[in-house]
Every structure is written in C-alpha cells, then in structure tokens.
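The following report concerns salt bridges and the accessibility of the residues that form them.

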Amino acid sequence: RVTVITTRTPAGLTGAAAAAARDAFRSGVPWREWDAEPETAALLDGAAVIVDALFGFGFTLPLRASSVALMRALRDAGAPVIAADLPSGIETDTGRADDDAVRATATVTFSALKPGLLIHPGAVYAGEIVVADLGVPKSLLRPDGALEVPEPADLQDLMPWPVPGDHKGSRGRVAVVAGSASYSGAAALTVGGALRMGPGYVYAVVPEPVAPVVRAAYPSAIVRVARATPAGSFADAGEVLDLTADADAIVAGPGMTTDEGAAACVRALLESRTCPLVLDADGLNAVAREPDLMTDRSAPLVITPHPGEMARLLGTEARIVQDDRVAAVRRLVGPARACLLKGPHSLVASATRVAMVLAGNAGLARAGSGDVLSGMIGTLLAQGLGPFEAALLGAHLHGRAADYAVRVLTETCIVPTDLTAFLPDAVRELAGG
C-alpha cells in the first residue's frame, strides 16, 4: 500500500508532476496534504519504508517553514528512508545541511553523483548511494570544470613507478625545510612521508635543535643543519636558499613557527626558487598577509591548507570556507598553482580542474598527519608530476594508508607515524597487487 504525503496540493502541480499525480489517483493511491494532525503523523509512524522526495536536486537552503514539520516527522518516524536524488535539507552543490535534514538509509541519485552527497556534512546524511541511469547522454554529465571523483584506476598511470634503469639521481631530490625546537616532530614526519614515496634523496634542512631528532628517526635522510634563533627557529633565509639549491622540489612550513626568521625563509623560497614548492602549515601562515607572494609566483606550487588556514588565506572565517568548500578551493588556484583543501573528502583544484578524494577516515584528524602528506607530495613533484596530479595522488595514497591503518589500529588509536608504515599497502593496491 502506498500513500503520498506532501506539502503541495494536486492543483499546485504542473507538467510531468501533474501527469504522475493523475496516474496515481487513477490507480487509487491516497494523497494526504501534510497538516501535522495525529492521524497524518500516524501514517508515517506505521510505514514500513519512507521515500523522501520533497525537493529536487536544485535545492538550496534555507528550508521553507511549511516543510520543516513534515521533515521532523519523517526523521522521527523510525522507518528506513530512501531519498530521491538527495536527502531533503541537503544543498546539492555544497553539502550544507539544515539541522532538520533527513538522514537517509540509502539515496538513489539520478544520472550522476551530486557534490552534496559527497561533501560533508551532506555525506553523513546520504547513507548508501546508488546512481540510477535515466538515459541522459554522458556528454551532458561531464561539463568542463565539473567536480571529478577519481577511482584508483584513474590514478594508476600518474604514479612514477620505478623502472630497472633507475638510480638515486633519477628518482628525485626533495628538500624538506621544516621544524623548530618546539616542533621537531613535524620535520621528522614530513621527512618520513617524503622518504616513503621512493625518492633518490631527501635533504632535511632543519634548525640546529631539530637535527638530532631527524637523524635518529631517519638515518637515510641527509640532514643539512641551519643556524637557529635563540627560540630554536630558522635564523637566516639566505642560508636556507643555499641548502636547498640542488633540490628538484622543496617542502616548506611544517613546524617552522611564524617567527620572523622562519617567515623570511618562506618568502625567500617563494621568490627565489623556481623548482616546485609545497607550502603547508606555518609556510601558509607566513604568507597569509601577503597572498601576492603566491599569486606572483610562476613556478609550480602546491598549497595544502586545512579550513582554518584556508580562511586566513582568503581573509574570511573557517565557517564560510566549510559552507562551500568547492568554491573556496577554486579561489586559491592559478596557472601553476594547485590547492589541496584538507578535511573529510579532501578537495584538490587547479585552474581548470577540481577533484574529490574519497579515501581517508577520522583517524587522520591528528596533528602531524598533514606533515606526512606534504612530504609525500614533495617527492611526487620531485619525480616530475605537476602540482594538481601530485596533490591528488598524494592525498589518495595518504587516505588509503589511513584506511589500511585503522583496520589494525582503529580510528581512535592511529597516530601519524603509522601512516608511513601502511603506505606500502596503499601503493601495492594502486599497482593492482
């Protein structure tokens, strides 16, 4: 038995919806306009399954007041909910969710995935997602600049796989400019991420107090010691330029602090080095008030902000960034610059493309996880990938390493140093092994 409960009267329908309603009436389907009366609410309470089809896929917040009471009753009914296209109360393009949004058991979305089903918090409300083919030509479903959701098979050819003729000079030289007396672990984590991606050389360019930590953690890294300020941060930007002169790619920022000496190093690297550069953490904080340093750079650049860092770079609030993550990540790209906006289902954008990374889990919500990622991206840049490709592949492998790690360690117990231990599983998976 089927009953239609709606906020619309049949007389208010037009076109295909009106024709469908006439067919339903002829078949004897009861139609109840929502009135919040006990007998109407009882129809929901006694349902075996509820189909949520209140809104179309062009829905944007805020909700109409007339819909809120019905959505609350639908939410509280306790029956499995199958959402049509998107759960009601979820914005199609942004994933923003009203407090009264419907939590679906499953969502049948038509023709193609919608961003709102994948971007948090909307992703939490979607349940199992099924894409139903309605016969729309694929050429209409992939406009230029549309959000991409690559699968591992799409990334396999990006990986700079070793070949028999390789030697350490052909596998890339990565310089990691990171750390301070207060944050020596950040340098070690970044070096670890860079090493595990298979470079020929990793140069750890670190202040004096950090050098023993990196040497002890990673004997295969080449430690290049820079003079430190009394606070244990970088003292001389010119010295850092000299120590990174032979690098194929540079990672700068993790644990550097925002002391003036460290900030001067970041500015010097942006202005004076033409090899690919990854800016993360304090590297981004150092240029938050001087965004032209990034926009004026013509050499390859990857920036990897979390929402708070993104907000500082854009001169706004993290809440605004999270309200429309796709729009935010598009604002910080350029001809040679890619932006990786971290978080659940991270986004990677270039001047012409934007992609979502589905790999990863809540175990990555730890200080230091991003340091490992920036090191990984640095190696991929040193091995010849472009900024967008390096950021996308690095984020996927980083997330998959976390997925493997939590199978053994749980989301509660994983720590950033575990990521490099499980990265071989992610690489092996990408190779098809």
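Arg353 is partly exposed (between 20% and 50% relative accessible area, with a 1.4 Å probe and protein chains only; buried means under 20%, exposed over 50%), because its relative accessible area is 30%. This is a predicted model, in which local features need pLDDT of at least 70 and side-chain atom pairs count only at pLDDT 80 or more, whereas totals for chains, interfaces and linings use all residues. Residues are numbered from 1 along each chain as its sequence is written, and side-chain values use heavy atoms, with hydrogens and water left out.

Arg353 forms a salt bridge (a side-chain nitrogen of Lys or Arg within 4 Å of a carboxyl oxygen of Asp or Glu) with Glu389. Since Arg353 lies in the loop between strand E15 (347-349) and strand E16 (354-356) and Glu389 in helix H17, the pair ties together parts that are 36 residues apart in sequence; helices (H or I, at least four residues) and strands (E, at least two) are DSSP runs, numbered from the N terminus. Glu389 counts as partly exposed, at 24% relative accessibility.

The whole structure holds 21 salt bridges, including these:

| Pair | Closest N to O distance |
|---|---|
| Asp85 and Lys114 | 3.1 Å |
| Arg227 and Glu239 | 3.7 Å |
| Arg353 and Glu389 | 4.0 Å |

Asp85 and Lys114 are both buried. In the pair of Arg227 and Glu239, Arg227 is partly exposed, with a relative accessible area of 42%, while Glu239 counts as buried at 18%. A network of salt bridges, finally, links Glu91, Arg96, Glu317, Arg319 and Asp323.
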